[in-house]
Amino acid sequence: MTLDIQQIWVYLAARPLTGLLLTLLAYQGGVWLYRVSGQRAICNPVLIAVLALIAILFATGTDYASYFEGAQFVHFLLGPATVALAVPLYRQLQRVRQSLRALTIALICGALTGIVSAVVIAWLLRAPGVVIASLAPKSVTTPIAMGVAERVGGLPSLTAAVVIVTGIFGAAVGPSLLSRAGIKSPQARGLAMGVSAHGIGTARALEESQIAGAFSGLAIGLNGLATAILLPLLYQLTLAGWQWFAG
Amino acid sequence: MLRWLTILLLCQWLGELAVTVSGLAVPGPVVGMLLLLIGLLMLGQEPSELGAVADGLLQHLSLLFVPAGVGVMQHLGIIRLQWAPLLGVVILGTIITMLATGWVMQWLQTDSDEPAP
């Protein structure tokens, strides 16, 4: 009997264990590459894992649904992980109180700028509604961004990809951009990185200083909350306004 | 450990329920986050086991993005068609958002209790 690799793969690919195992292996491979590369943003573990998995799935002719049979066990944890964001939020409450007014105004400005800039740029570049809805929450941490995108008629997986690319870009250009703009306060630098580039921005801010890291981490949850509330509201207002305008 | 994981899932479930009942355009897990935050405020302290469960989940938060990220392979068509808005929003949108947030925060900040590094 000859071993037909193709037949073996067809059998294995249909088993949930394969998708789950591939996901964990690809991610840990990404973490390893990130470490050896000297923590380059371009070697972000999520980016590496996603690219590697897409390449594997295309090379073996496996569809996403078969892969997701196994990967859904990882994906499911996004829900409880989002709830768990309440814990770091709670830990930072003392710092929030210390600069409550500046933090609140900067956060709302940042959340609104993030939403409005994405929608306007996408609209100017002639993107259709579903793409605009997927891009609108791009600066927010993935579990929240995906949920919000779904609520306003976007594609959660497209949002997830755009959020990751946004995070990597923000983390890579952030520190030099902020310095060139004359933003020196560690609180402001941290908040800016967290509001615009979520978790990946926070990792970069932590390398800069503890204060920047703390404010960036805080911004992940708060901008998520602000965008989760503001974006669907803006969406419903726009829809209502459009319906009223159109008679 | 199991008790706090159950409470996290209960908060998410209640959040999903609240969203379904009220028709609010906010994700259920985000409402669950708010419920847990209110619970912690009422408790007045962070139970160490809850901290351990939350830290454990959030420590590998990046990993949880991967399956959805791979899902982008289903949208390669729309990406090829819409590469200009995608690129424009990621680059320009991120720069504008970062600068706006940083400027407003630095401008309004009055607490100089902590020295710059």
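## Reading how chain A meets chain B

User: How much of chain B counts as buried?

Analyst: This is a predicted model, and in it 40% of the 117 residues of chain B count as buried.

User: Thanks! Which elements make up chain B, from the N terminus on?

Analyst: Happy to help. Chain B has six helices and zero strands, so the order reads α-α-α-α-α-α, with each helix being a DSSP run.

User: Now the interface. How many residues of each chain are in contact?

Analyst: Start with the two sides: 96 residues of chain A are in contact with 66 residues of chain B. On chain A's side, helix 11 (residues 156-180) gives the most, with 14 residues. The chain A side as a whole divides into 65 nonpolar, 25 polar and six charged residues.

User: How do I describe the way helix 11 of chain A and helix 6 of chain B cross?

Analyst: Look at distance, angle and hand. The axes of helix 11 of chain A and helix 6 (residues 83-108) of chain B come within 9 Å and cross at roughly 45 degrees. Angles of 35 degrees up to 65 fall in the oblique class, which is why helix 11 of chain A is oblique to helix 6 of chain B. The crossing of these two helices is right-handed.

User: Which residues of the two helices meet there?

Analyst: From helix 11 of chain A, the residues include Val162(A), Phe169(A), Gly170(A), Gly174(A) and Leu178(A). Helix 6 of chain B brings, among others, Leu86(B), Ile91(B), Met98(B) and Gly102(B). The residues of this helix-helix contact divide into 10 nonpolar, five polar and no charged.

Key
Residues numbered from 1 in each chain as written. Chains lettered and ligands numbered in written order. Predicted model: local features only at pLDDT ≥ 70, side-chain atom pairs only at ≥ 80, totals over all residues. Helix = DSSP H or I, 4+ residues; strand = E, 2+ residues; numbered from the N terminus. Buried ≥ 20, exposed ≤ 12 C-beta atoms within 10 Å, placed from the backbone. Contact = placed C-beta atoms within 7 Å. Nonpolar A, V, L, I, M, F, W, Y, C, P; charged D, E, K, R; others polar. Axes fitted to C-alpha atoms, helices over the stretch in contact; angles between N-to-C directions. Parallel < 35°, antiparallel > 145°, perpendicular 65-115°, else oblique. Left-handed = near helix turned anticlockwise from the far one by under 90°.
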